Amino acid sequence: MARIAFIGLGNMGGGMAANLAKARHSVVAFDLSEAALERAEAAGCERATNAREACAEAAAVVTMLPAGRNVEAVYTAEVFGAAPASAVLIDCSTIDVATARRVSAIAEERGYDMVDAPVSGGIAAAAAGTLTFMVGGSDEAFAKAEPILSAMGKAVIHAGAGGSGQAAKICNNMVLGATMVATCEAFLLARKLGLDPQTFYDIASQSSGQSWSLTSYAPLPGVGPQTPADRDYQGGFAAALMLKDLTLAMEAGTQAGADTPMGRRAAELYAAFVEDGHATTDFSGIIRMLEARSEGGA
Ligand code: NAD
C-alpha cells in the first residue's frame, strides 16, 4: 500500500491517521505535540522528526491542521519541495476559501496534484472512519486522493475545482448553525405554548420543519435519539468550532458579495455563547442561552 505522510495528529487527525495505518498504508506521522506523536505511534504509524522528513518519498501527504495560517505555513515551508512531484497533497483542515485557493494554486505551479478535502463528522466519526469528505481539485487530483480518503470515511464527494471543498463545508455548516438556533427556539416556544417537547418532536420531525438539527440532533434531553443533550451537552461538536465555521462563512460571504442574514445572526449568537464560557460545550447547548434570555424577558 502507499506511503503516506500525515501532518497534524490532533483530535481529528489522530483517528484518521490510525485508520490509514489500519488499512495497511505505511503512515509517516508528524505533529508539534509529543503526546500526539506517541498516540500515532501506538496506532501503528511511524514517527518523523519534522514535516519535511515525513514527506520524503511519500505517495500522498495528508494534513489536518487548525487554521488557514497553519496550512499555508506547513505547505510553503515544509511540504512543497520535500514531497516528490508525483505525490498527491490532501488538506483535510477546515480553512478559509481564499487560503485554500491560494495554496492549491501554488501547488499547481509547482507541479503537484492537490485537493482541499474538509470533513463533515466529528471526533467519533474520525476515529470510526465514517467521515464525509467534500473535495475540491482537478479530476486527476480527485482520482488520486479518492482511494486514500475512502480509507477514512463513508463518503467522498467531488465538489469542483480547488477551494470548492471548503466552499461546500462552510455553506453546509452555515445551514447547520442557523437550523440549530431555529430548532432550539422552536422547542422553547413550543414548551411555552404548552406543547410536550416529545410530541412537538414527533410532529415536526415528520413535517416541513424537519432538519438534521431537529430529527437527528434534537437539543433537549430525552427527546428524539441519543444526542449530546442527553450528556449535559458534552462531546459532539464544540461551539467554538461552530463559531469558527460561521465566521469563515461570513468572511466568504463578504468577499463573494452574498447576503447571508440568517448565517450572520447565527454567528452573533454563537459568539455570545462562546464568550459566556461555552467554547467546549456542544453547539446544541445554545438552547440554554436562549432559554435564559427568555426567562429574563430579553
Ligand atoms: P486539534 O487542535 O486537536 O489538532 C490540530 C493538530 O495540529 C494539533 O495536534 C497541533 O499540534 C498540530 N499542528 C499545528 N501546527 C502544526 C505544524 N506546524 N506542524 C505539525 N502539526 C501542527 O484540532 P482538530 O479538532 O483535530 O481539528 C483539525 C481541523 O479539523 C480543524 O481545521 C477543524 O476546524 C477541523 N474539524 C474539526 C472537527 C472536530 O469535531 N474537532 C470536525 C470537523 C472539522
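A polar contact is a pair of N or O atoms within 3.5 Å; within protein, one must be able to donate a hydrogen and the other to accept it, and residues adjacent in sequence count only if both atoms are side-chain atoms. The model is predicted: local features need pLDDT of at least 70, side-chain atom pairs count only at pLDDT 80 or more, and totals for chains, interfaces and linings use all residues. Residues are numbered from 1 along each chain as its sequence is written, and side-chain values use heavy atoms, without hydrogens and water.

**View 1. Polar contacts of the ligand with Lys244, Met12 and Pro66**. An N or O atom in the Lys244 side chain is 2.8 Å from a ligand oxygen. A polar backbone atom of Met12 also lies 2.8 Å from an oxygen atom of the ligand. For Pro66, a backbone N or O atom is 3.1 Å from a ligand oxygen.

**View 2. The shell around the ligand**. The ligand is surrounded by 22 residues (one heavy atom within 4 Å). Asn11, Met12, Asp31, Leu65 and Lys244 are the closest.

**View 3. The ligand between two domains**. Domain 1 (3–161) and domain 2 (167–294) both give residues to the shell, so the ligand lies between them. The domain bounds come from an automatic or database domain assignment.
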